[in-house]
Amino acid sequence: MEVDPALGELRLEVPVEDVFLNGSTRLNGRAERLIDRIAAELAVREANEQDYDVELFNGFARQSMGHLLDSAGKDPVFMRAGALVRAFIDRDLPESKLSGGLLPGEEGQVRMVVRLWGGEGEPDDVPETRP
């Protein structure tokens, strides 16, 4: 887990086995509890009109891209990405705050990124970035 207070960002990268039941597309109890905690904190921000966004990704091997495209969304890689997004929607977080997708080249990894905008957790002076 990485926390970048300057950017107001929490980034969590974990093996897929730590999030989903063995070989399935269903979240395990530990992941459910983590999502419960994140969603509860974000609900407080929502109530205080403090903005945020959440990005959820499921990794896959680059060489499996052809197979994924041929699967018409039925491959577990797609289904797990969808399950992550659904888990947050099921906890009443606004869909407009969520995005999900695939993470090429990161087979077996799940990435969750929470960004806080405004209010506590956002820097007073955003660092200037240069190309």
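Biologist: How many helices and strands does the secondary structure of the chain come to?
Modeller: This is a predicted model. Its elements, read from the N terminus on, run β-β-α-β-α-α-β-β. The secondary structure of the chain thus comes to three helices and five strands.

Biologist: What average pLDDT does the chain have, and over which residues does pLDDT stay under 50?
Modeller: Of the residues in the chain, 79% score at least 70, and the average pLDDT is 84. For one stretch the model has nine contacts beyond four places in sequence, and there pLDDT stays under 50. That stretch is residues 121-131.

Biologist: What percentage of the residues in the chain is buried?
Modeller: A residue counts as buried when its relative accessible area is under 20%. The chain has 131 residues, and the buried share of them is 37%.

Biologist: Among contacts between residues at least 6 apart in sequence, what share joins residues at least 24 apart?
Modeller: A contact requires heavy atoms within 4.5 Å. Among such contacts in the chain between residues at least 6 apart, those joining residues at least 24 apart make up 73%.

Biologist: Which residue lies over the face of Phe20, and which over the face of Tyr52?
Modeller: A charge sits over a ring only if it is within 6 Å of the ring centre. At Phe20, the distance from the ring centre is 5.6 Å, and the residue is Arg80. At Tyr52, the distance is 5.3 Å, and the residue is Lys97.

Biologist: How many aromatic pairs does the structure hold?
Modeller: Rings pair if their centres lie within 6.5 Å. The number of aromatic pairs in the structure is zero.

Key:
Residues are numbered from 1 along each chain as its sequence is written. This is a predicted model: local features need pLDDT of at least 70, side-chain atom pairs count only at pLDDT 80 or more; totals for chains, interfaces and linings use all residues. Side-chain values use heavy atoms; hydrogens and water are left out. Rings of Phe, Tyr and Trp (its six-membered ring) pair if their centres lie within 6.5 Å; planes under 30 degrees apart count as stacked, over 60 as edge-to-face and the rest as tilted. A charge sits over a ring if NZ of Lys or CZ of Arg is within 6 Å of the ring centre and within 35 degrees of the ring normal. Helices (H or I, at least four residues) and strands (E, at least two) are DSSP runs, numbered from the N terminus. Buried means under 20% relative accessible area, exposed over 50%, partly exposed in between (1.4 Å probe, protein chains only). pLDDT is the predictor's confidence in each residue, from 0 to 100.
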